[in-house]
Amino acid sequence: MSAPRASVKSRPTRIQGEAEPRVPVLKDASLESVADFINQGKAKNIIVMSGAGISTAAGIKDFRTPGTGLYDDLKRFNLPYPQAVFDISFFKPTLTHYFLPLLAKKGLLLRSYTQNIDMLERLTGLDPDLLVESHGSFATSKCIKCDTMVDSDIVKKHILKSEIPHCKKCGGLVKPTITFFGEELPPRFGTLAMVDFKKCDLLIVLGTSLQVEPFNRLITRVPESCPRLLINRERAGEDIYGGFDFNGKWKYPNVRDALFLGSCDEGTRKLAKLCGWEDELQAMYEAGNIKMQEAEELEALTLAKEQEEEEKAGTNVKGGSKDTKDTKDTKDTKDTKGAKDAKNAKSAKDVKDTKDSDDLDSLTERFQATNLSSTTEKADAKKDSKETPYKVASKTESKIKNSDPSVK
Ligand code: CNA
């Protein structure tokens, strides 16, 4: 995905001198200017890039918000039970998530690139072709040994029973297709980003600190005349070379970056209002919620029915063992051997399970050491550089690049 970098000397200076008049692609850095741009019919290929901040209103913690982010306090992960992280029906898309199908309905959405693995975009009914889950998702699972895809429902059932899912083909561990730090991103990301970002005529970035590479660098891949809007609780993406410039600091040839500081729901609602779409957005959000409620009730009923059937089947098995007991005396020797075999099998299984849980432990450890700890940058520094490894951008590196405007 990343193009080979030209040497510093051979690279032209993109930033123009004071005397050059800057082209006002946007009137100013406000949401109103972006709405004007849309209302004038200038945005026909909108790309939305998003992060954990669009899902915090759904109750899913982000990584870096002080006081509430996962990095600050893992213990306060506010789930009713740990496995709820796999229970997509527990979380519902936010108003911001419905902004995506709204843009699609208007024929304006080129693609939505999310870093999130929570699948909430899918739950809005957004056409999956319009979605790139850049860091993978829980929607699919595969064997870490032989790459065989495994039905995620089967994996979910195992996890809810605190069992380790194994591949039927090779016995390897099965994990959801989420991308760990240091792993390559799904091929779909590179393939589509290469084409999409050149076509983009409005970039909307929502709820992300833009600290994870290579995702964060996508903001620099749109044409220089393409306006870029950030809706986030804090400023972000200003450290990246070619990144946001809300105040004219870098004197880019075009005035094209806008900023809304606040919640994603506030920002998208306001933008929708300025475009005359607020009622439509609200209606989509409410209809979506009702649909999800119904789906939840159906799932609860199905689960209850399944449980009832399992319990019934359990009672029948008990009856069966009573019958077996009647013929016990004639089978004592055989039973003793059977019990021994079973015991041996169990110890073999225990050894296998221990090995697997070791594997799982090391996987979990790796995830926590890299994905959920503040030492990520150190861990990433060690990773060898495949083409698009997933890593946290080094702030120092960005700053060095930024201090020299001729370096891209
Ligand atoms: P981050 O680094 O935690 O940044 C989140 C950003 O969103 C911060 O700048 C916050 O200020 C901002 N923010 C939080 N809540 C809101 C809100 N309601 N409105 C506006 N802004 C808000 O997370 P990133 O997404 O930038 O980092 C990418 C990581 C996070 C990816 O690898 C994800 O897989 C990972 N992640 C995903 C989820 C999820 O799937 N929902 C949850 C937690 C982490």
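The structure holds four aromatic pairs. One of them joins Tyr-113 and Phe-189 in an edge-to-face arrangement, with 6.3 Å centre to centre and 80° between the planes. Tyr-113 belongs to strand 3 (residues 109-114) and Phe-189 to helix 5 (residues 187-199), so this pair ties together parts that are 76 residues apart in sequence. Both Tyr-113 and Phe-189 are buried. A second pair, Phe-244 with Phe-246, is stacked: the centres are 5.1 Å apart and the planes differ by 25°. All of this comes from a predicted model.

**More on the rings**

Tyr-113 and Phe-189 also belong to a cluster. Together with Phe-197 they form one aromatic cluster. In the stacked pair, Phe-244 is buried at a relative accessible area of 1%. Its partner Phe-246 counts as buried too, at 9% relative accessibility. Another ring has a charge for company. The charged end of Lys-175 sits over the ring of Phe-180, 4.4 Å from the ring centre.

**The chain as a whole**

The protein chain has 10 helices and 13 strands. It has 408 residues, and buried ones make up 42% of them. Among contacts with a separation of 6 or more, 73% come from residues 24 or more positions apart. The chain exposes about 22,300 Å², and carbon and sulfur atoms supply 55% of that area.

**The cysteine site**

UniProt, in an unreviewed entry, places the feature "binding site" at Cys-143, Cys-146, Cys-167 and Cys-170. These four span 28 residues in sequence, yet no two of their C-alpha atoms are more than 8.5 Å apart, so they gather at one spot.

Where does Cys-146 sit? Its place is the loop between strand 5 (136-143) and strand 6 (149-150). Cys-167 is found in another setting: the loop between helix 4 (152-160) and strand 7 (174-178).

Contacts link these loops. With neighbours within four places in sequence left aside, Cys-146 is in contact with Cys-167, Lys-169 and Cys-170. On the same basis, Cys-167 is in contact with Cys-143, Cys-146, Thr-148, Gly-172 and Val-174.

Burial varies among the cysteines. The table lists three residues of the annotated site, plus Cys-264.

| Residue | Relative accessible area | Class |
|---|---|---|
| Cys-143 | 0% | buried |
| Cys-146 | 32% | partly exposed |
| Cys-167 | 5% | buried |
| Cys-264 | 6% | buried |

Cys-146 is partly exposed because its 32% falls between the limits: buried means under 20%, exposed over 50%. Cys-143, at 0%, is buried.

**Sulfur to sulfur**

How many disulfides does a search of the whole structure find? The search finds zero. Cys-143 shows the reasoning. The closest cysteine sulfur to its own is in Cys-170, at 3.5 Å. A disulfide requires two cysteine sulfur atoms within 2.5 Å, so this pair is too far apart for a bond. Cys-143 and Cys-170 are both among the positions UniProt lists for the "binding site".

Methods
Residues are numbered from 1 along each chain as its sequence is written. This is a predicted model: local features need pLDDT of at least 70, side-chain atom pairs count only at pLDDT 80 or more; totals for chains, interfaces and linings use all residues. Side-chain values use heavy atoms; hydrogens and water are left out. Helices (H or I, at least four residues) and strands (E, at least two) are DSSP runs, numbered from the N terminus. Buried means under 20% relative accessible area, exposed over 50%, partly exposed in between (1.4 Å probe, protein chains only). Contact means heavy atoms within 4.5 Å. Accessible areas come from the Shrake-Rupley method with a 1.4 Å probe; for residues, only the protein chains shown count as cover. UniProt positions are given in the numbering used here, feature names are shortened, and annotations may be inferred rather than shown by experiment. Rings of Phe, Tyr and Trp (its six-membered ring) pair if their centres lie within 6.5 Å; planes under 30 degrees apart count as stacked, over 60 as edge-to-face and the rest as tilted. A charge sits over a ring if NZ of Lys or CZ of Arg is within 6 Å of the ring centre and within 35 degrees of the ring normal.
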